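Before reading on, please look over the sequence and turn the structure around a few times. The report below takes up a few helices and single residues one after another.

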Amino acid sequence: MNYIQQAFKVQHEWWRYLLGALMVFVGIGIFSVPHVAAIFLKQLKGEADMSRMEDLNYLMTLFDPNLNLVFLLLPFVGGFVFLLLSVRVIHKQSLRSLTTSRDKIDWKRVFTIFLIWGTLSSSMVVIDYLISPENYVNNFDAGKFAILAVIALLLIPIQTSCEEYIFRGYLMQGIGVLAKNKWLPLLITSVSFGLLHISNPEVDKLGSIILIYYIGTGFFLGIMTLMDEGLELAIGFHAANNLFTALLVTADWTAFQTYSILKDISDPTEATISDIFVPVFVIFPIILLVLSKIYKWSDWRNKLLGPVEEPEAKDYKILE
């Protein structure tokens, strides 16, 4: 039984997924209250300009970067908690079956891709720094970095897991069992994942072309999930990507503005091709090829585009 097909074993009527999605929004809203309250207090004290509340870059200047990071990540904690509650209560589904088609969650897969992408992405930053040191300034402050490291290690894996469980997990399975195919959930979750980032500061700086990277990343993670019949690789990759980014390099125009080791002061518009097109059309396909060799993936067409058929009754009994 494949990854999407497992959802037939649980309560999977369309209204349950709608209710579950609403529950996630409720969780995000509840855990956004501390940030909203803090901004409100700033306004009462006359320390915030109410006319600029729509400007995300301005909001980032109201608080210390470490506190900003907590405010940024807390809503994902709420979304994740409420998603897990919805899966258990509304769908009667286990975390294992939402995560993987294997008998148990394969943590080795999570840590393997985490180390691979963490090492590769960090190496690319180091190489770029050595080639163009004028594009960076030293941003390291031991005390502030130590606090950042604790916040990042505790909250970023929750943030990235929340996104993976929503898009490559909950929605991938939900749309798959309703549409009874694999290509539609892959398409919808990848595009919606990319558009979720449309409010990021990077979009204002680089323009809508950056959405190619976000949507392309969505397809990359979705393909990994369908080919590997589980979320483990997507979870590990996403966690490494955001965690190493937060710790290694920041910029005034990115969503993660942190006390990282380096600060990028270059003009990002000059690196559009290397930062957007190379990862999506060169690096990600190479990673998929390497993973296909490691995990012996096959039957790509069926796994990515094929039908999702409801199992026969005897199959349910075997897997209970």
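Two residues are said to be in contact when heavy atoms of the two lie within 4.5 Å. The structure shown is a predicted model, and every value below was computed from it.

**Asn 241 and helix α11**

With that meaning of contact in mind, and leaving aside residues up to four places away in sequence, Asn 241 touches Trp 117 and Tyr 213. The side chains of Asn 241 and Trp 117 are also joined by a polar contact of 3.1 Å. Asn 241 belongs to helix α11, which covers residues 232-248. Is Asn 241 buried or exposed? Its relative accessibility is 18%, and because buried means under 20%, Asn 241 counts as buried.

The helix around Asn 241 can be described in a similar way, since 14 of the 17 residues of α11 are buried, so that this helix is largely enclosed by the rest of the structure. At 1.5 Å a residue, the 17 residues of α11 should span 24 Å, and the end C-alpha atoms are indeed 24 Å apart, which agrees.

**Ile 113 in helix α6**

Ile 113 sits in helix α6, residues 107-131, and is buried, with a relative accessible area of 1%. Not counting residues up to four places away in sequence, Ile 113 touches several residues, among them Glu 232, Leu 233, Gly 236 and Phe 237, as well as Ile 287 and Leu 291. Although Ile 113 and Ile 235 are 122 residues apart in sequence, their C-alpha atoms are 8.8 Å apart in space.

**Helix α10**

Helix α10 has 18 residues, 211-228, and reaches 25 Å from its first C-alpha to its last, which is close to the 26 Å expected at 1.5 Å a residue. Of these 18 residues, 15 are buried, so α10 is largely enclosed by the rest of the structure.

**Two helix pairs that share α4**

Helix α4 (residues 65-89) packs against helix α7 (residues 142-179) at an angle of about 35°, and their axes are 8 Å apart. This crossing of α4 and α7 is left-handed, and the residues of the contact divide into 18 nonpolar, 4 polar and 2 charged.

The axes of helix α1 (residues 14-30) and α4 come within 7 Å and cross at roughly 150°, and the crossing of α1 and α4 is right-handed. Which residues of α1 meet α4? They are Gly 20, Met 23, Val 24, Val 26, Gly 27, Ile 28 and Ile 30, and on the α4 side they meet Pro 75, Gly 78, Gly 79, Phe 82, Leu 83 and Ser 86. By class, the contact of α1 with α4 has 8 nonpolar, 5 polar and no charged residues.

**Residues with a positive phi**

Most residues other than glycine have a negative phi. The table lists residues of this model with a positive value.

| Residue | Phi | Place |
|---|---|---|
| Lys 180 | about 60° | loop between α7 and α8 (183-196) |
| Glu 229 | about 55° | just after α10 |
| Lys 296 | near 55° | loop between α12 (272-295) and α13 (300-305) |

The two lysines can also be described by their accessibility. Lys 180 is partly exposed, with a relative accessible area of 44%, whereas Lys 296, with a relative accessible area of 68%, is exposed.

Terms used: Residues numbered from 1 in each chain as written. Predicted model: local features only at pLDDT ≥ 70, side-chain atom pairs only at ≥ 80, totals over all residues. Heavy atoms only, no water. Axes fitted to C-alpha atoms, helices over the stretch in contact; angles between N-to-C directions. Helix = DSSP H or I, 4+ residues; strand = E, 2+ residues; numbered from the N terminus. Left-handed = near helix turned anticlockwise from the far one by under 90°. Nonpolar A, V, L, I, M, F, W, Y, C, P; charged D, E, K, R; others polar. Buried < 20%, exposed > 50% of the residue type's maximum accessible area, 1.4 Å probe, protein only. Polar contact = N/O pair within 3.5 Å; in protein donor to acceptor, adjacent residues only side chain to side chain. Expected span 1.5 Å × (residues − 1).
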